[in-house]
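Q: Please take a close look at one part of this model, namely how its strands are arranged and what one residue there touches. Set it against the chain as a whole, in plain terms.

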Amino acid sequence: MTAIGVTTYGGPEALHEIDVPPEPLGASDVRIRVTAAAVNPTDTGVRSGLRDDRPAPLPPGAVPGMDAAGVVVEVGADVDTGIGPGDRVMAIVLPSGPHGAYRSDLVVPARSVVRVPAGASDVEAATLPMNAMTARFALDSLQLRSGQVLAVTGAAGAFG
């Protein structure tokens, strides 16, 4: 498998193609052939080593990426979401070591995968999962009641 990852921490120049082992498919997982992955501010933490207490990533390297879009290749035996091989999907990824969205082949829990919205390209879809989850958490924490109004000002960036 190929991925875009880091073997030594640093700036953007630290990103390069690396070989990573295939990920096993568990009973409640979905395997995706990744066609697009978003770049989030947190990915710079993986690349720079900010999220690691070691001086360098463990082999085969660290793979950033929290958002992916692509095509379902395989589903685990216990997956009952209606998503199956050939479906275009987007997913939230929790990067850890060589497991990140910047992979050619990615395995994630089925609960982290939804279909790509109609009319959206894979590139557009890859920008949605983390921003949508952030918006949902923000709205949930506000605990708005019916009839209340929320004004969003200075809404720069994808989340805004």
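A: The mean positions of the 11 positive and 17 negative charges lie 5 Å apart in this predicted model. The protein has an accessible surface of about 8,900 Å², and carbon and sulfur atoms account for 59% of that area. Along the principal axes, the C-alpha atoms fill a box of roughly 55 × 40 × 25 Å. Of the 160 residues, 40% are buried.

The secondary structure consists of three helices and seven strands, which run β-β-β-α-β-β-β-β-α-α from the N terminus on. Taking contacts between residues at least 6 apart in sequence, 72% join residues at least 24 apart.

The part to look at closely is the sheet. It is an open sheet of five strands in the order E6-E3-E4-E5-E7, and the pairing is antiparallel. Strand E6 (105-109) and strand E7 (113-115) are its edge strands, since each of them pairs on one side only. From one strand to the next, the twist averages 45 degrees. As a general point, strands of a sheet pair through backbone hydrogen bonds, and the pairing can be parallel or antiparallel.

At the E7 edge, strand E5 (residues 88-92) pairs with E7 in the antiparallel sense over three bridges. Here Val 89 stands opposite Arg 115 in E7. Helix H3 (residues 129-142) packs on the sheet and touches strand E4 (67-75) and E5. The direction of H3 makes about 55 degrees with that of E5.

Within the sheet, Val 30 deserves a separate look. This residue is in strand E3 (residues 29-37). Val 30 counts as buried because its relative accessibility is 1%, and the cut-off for buried is under 20%. Leaving out residues up to four places away in sequence, Val 30 touches Leu 25, Val 72, Glu 74, Val 75, Val 79, Leu 106, Val 107, Val 108, Ala 110 and Val 113. Among these contacts, Val 72, Glu 74 and Val 75 fall in strand E4 (67-75), while Leu 106, Val 107 and Val 108 fall in strand E6 (105-109). In the strand order, E3 stands between E6 and E4. Val 113, another of the contacts, belongs to the edge strand E7 (113-115).

Tyr 9 is a residue to set beside these contacts: Val 30 and Tyr 9 are 21 residues apart along the chain, and their C-alpha atoms are separated by 30 Å.

Conventions:
Residues are numbered from 1 along each chain as its sequence is written. This is a predicted model: local features need pLDDT of at least 70, side-chain atom pairs count only at pLDDT 80 or more; totals for chains, interfaces and linings use all residues. Side-chain values use heavy atoms; hydrogens and water are left out. Two strands pair if DSSP finds at least two bridges between them. Helices (H or I, at least four residues) and strands (E, at least two) are DSSP runs, numbered from the N terminus. Axes are lines fitted to C-alpha atoms, for helices over the stretch in contact, and angles run from 0 to 180 degrees between N-to-C directions. Contact means heavy atoms within 4.5 Å. Buried means under 20% relative accessible area, exposed over 50%, partly exposed in between (1.4 Å probe, protein chains only). Accessible areas come from the Shrake-Rupley method with a 1.4 Å probe; for residues, only the protein chains shown count as cover. Lys and Arg count as positive and Asp and Glu as negative; His and the chain ends are not counted. The place of a charge is taken as NZ of Lys, CZ of Arg, CG of Asp or CD of Glu.
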